[in-house]
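Hi,

Here is the structure I promised to pass on to you. Have a look at it first, and my notes follow just below.

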Amino acid sequence: MQQINTAGLNLLSPSVPQNSTKISPYNAQQNFAAMLKDSINEVNAAQIESDKMTTRMINGEDVELHDVMIASQKASVSLNLTMEMRNKAVEAYQEIMRMPV
C-alpha cells in the first residue's frame, strides 16, 4: 500500500514553535515548492499505476479486479484532492487581489 508523503507538512504545521528554528523566506519558498512538486509526482505515480493495472487486466494478465478498482479509486481520490487544493489556492489568491491597498 502506498503511503502519502508528509515530509514537508511539518513546516506548515502551526504546532511547530516559530522561534525554535529560523527559516528564511527563500528556504520556506524552496521547501514549499519541493513539497508541492513531490505531491504532484505522487498523484502522477498513482495515475500511472492505475493505468498499468487497467492495461494488464484488459490484456488478460493475472491481476484481480478488486486491485484494479482500488488503484483506480486511489488515483481518482488523489487527483480530486489535488484539484480541490488548487481551487482553494486560486480562491485565496483572488481574495488577496481583491483587497484594497
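Let me start with one residue: Ser50 is buried, since its relative accessible area is 7%, and the cut-off for buried is under 20%. Please keep in mind throughout that this is a predicted model.

Where does Ser50 sit? Ser50 is part of helix 1. Leaving aside residues up to four places away in sequence, Ser50 touches Ala71, Ser72 and Ala75.

Those partners lead to the overall picture. The protein chain has two helices and zero strands. Helix 1 covers residues 25-58 and helix 2 covers residues 65-98. Two packed helices are described by the angle between their axes and the distance between the axes. Here helix 1 and helix 2 pack at about 155°, and their axes are 9 Å apart. Because angles over 145 degrees count as roughly antiparallel, helix 1 is roughly antiparallel to helix 2. Their crossing is left-handed.

Which residues make the contact between the two helices? From helix 1 come Val43, Ala46, Gln47, Ser50, Met53, Thr54 and Met57. Helix 2 brings Leu65, Asp67, Val68, Ala71, Ser72, Ala75, Ser76, Ser78, Leu79 and Thr82. Sorted by class, this contact has nine nonpolar, seven polar and one charged residues. Ser50 is thus on the list, and so are Ala71, Ser72 and Ala75, the residues it touches.

A second residue to look at is Lys74, which is found in helix 2. Is Lys74 buried, exposed or partly exposed? Its relative accessibility is 36%, so Lys74 counts as partly exposed. Lys74 and Val43 are 31 residues apart in sequence, while their C-alpha atoms are 9.1 Å apart in space. Val43 is one of the helix 1 residues in the contact with helix 2.

Finally, some totals for the protein chain. It has 101 residues, and 11% of them count as buried; Ser50 is one of the buried residues. The accessible surface comes to about 8,400 Å², with 60% of that belonging to carbon and sulfur atoms. Among contacts with a separation of 6 or more, 51% are between residues 24 or more positions apart.

If you open the model, Ser50 and its partners Ala71, Ser72 and Ala75 are a handy place to begin.

Best wishes

Definitions and conventions
Residues are numbered from 1 along each chain as its sequence is written. This is a predicted model: local features need pLDDT of at least 70, side-chain atom pairs count only at pLDDT 80 or more; totals for chains, interfaces and linings use all residues. Side-chain values use heavy atoms; hydrogens and water are left out. Helices (H or I, at least four residues) and strands (E, at least two) are DSSP runs, numbered from the N terminus. Buried means under 20% relative accessible area, exposed over 50%, partly exposed in between (1.4 Å probe, protein chains only). Contact means heavy atoms within 4.5 Å. Accessible areas come from the Shrake-Rupley method with a 1.4 Å probe; for residues, only the protein chains shown count as cover. Axes are lines fitted to C-alpha atoms, for helices over the stretch in contact, and angles run from 0 to 180 degrees between N-to-C directions. Angles under 35 degrees count as roughly parallel, over 145 as roughly antiparallel, 65 to 115 as roughly perpendicular and the rest as oblique. A crossing is left-handed if the near helix is turned anticlockwise from the far one by less than a right angle, and right-handed if clockwise. Ala, Val, Leu, Ile, Met, Phe, Trp, Tyr, Cys and Pro count as nonpolar, Asp, Glu, Lys and Arg as charged, and the others, Gly among them, as polar.
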